Amino acid sequence: MMVTIASTFMMLLIQGDLVVSFGVMGTLSVIRFRTTVKDNRDIGFIIWALVIGLAVGTNNFLIVIVFSATMSIYMLLTRNAKTTAKTYLLIVRGTTYTSELEDVIKDYTKNIRLKAKNLSKDTFELVYDILPGSQQEEGRLTEAILRMPNTISANILSPNSETD
């Protein structure tokens, strides 16, 4: 929604000016491909800054005031909203694979998706995307997996090497 509001005000500034529209298109492509976006709202802030700069540069101060007020109100109304669920990687290694492992994982997580499955004669390695219910569930999950026969290790990895 934040990007939608910013795009609306950007179109108000461009208003059919071909040169400005190509400049904005080039700037947005550089922003999108050169900037690491950790949260969906980050791109909204980047576009917000671009619109403010473009408006000030073209002496459209009324648009700056209205746009900043609109975005500020939106940010205040949505400040506590969760944007995306944080998934983790679960890596399980063992000597003999059984399908019971997935049942155990499902018992402790809200969502599970198999990303990789490596089986050999003597060992297996499974990589899952999981959405744990809580940090307590993470600990219980690894304990339950390690209690299973023929399981060597269970690792839970945080996305982007970030932890809460």
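## A tour of the ring pairs

Start by selecting Tyr97: with a relative accessibility of 24%, tyrosine 97 counts as partly exposed. Keep in mind that you are looking at a predicted model.

Now zoom out for a moment. How many aromatic pairs does the structure hold? There are three. Here's one to pull up: colour phenylalanine 45 and tryptophan 48, whose ring centres sit 6.0 Å apart with the planes at 15°, so this pair is stacked. An angle under 30 degrees is what earns that label.

Stay there and show the backbone of helix H3, residues 40-57. Phenylalanine 45 and tryptophan 48 are three residues apart in that helix, which puts about one helical turn between them. Switch on the surface next. Is tryptophan 48 buried or exposed? Tryptophan 48 has 15% relative accessibility and counts as buried, while phenylalanine 45 is partly exposed at 38%.

Go back to tyrosine 97 and add phenylalanine 124: their ring centres are 5.8 Å apart and the planes meet at 70°, so call this pair edge-to-face. Trace the chain between the two. Tyrosine 97 is in the loop between strand S1 (88-94) and helix H5 (100-108), and phenylalanine 124 is in strand S3 (residues 124-132), so the pair ties together parts that are 27 residues apart in sequence. With the surface still on, check phenylalanine 124, which is buried with a relative accessible area of 4%.

Last stop: select Phe45, Trp48 and Phe67 together. Ring pairs link these residues into a cluster.

Terms used:
Residues are numbered from 1 along each chain as its sequence is written. This is a predicted model: local features need pLDDT of at least 70, side-chain atom pairs count only at pLDDT 80 or more; totals for chains, interfaces and linings use all residues. Side-chain values use heavy atoms; hydrogens and water are left out. Rings of Phe, Tyr and Trp (its six-membered ring) pair if their centres lie within 6.5 Å; planes under 30 degrees apart count as stacked, over 60 as edge-to-face and the rest as tilted. Helices (H or I, at least four residues) and strands (E, at least two) are DSSP runs, numbered from the N terminus. Buried means under 20% relative accessible area, exposed over 50%, partly exposed in between (1.4 Å probe, protein chains only).
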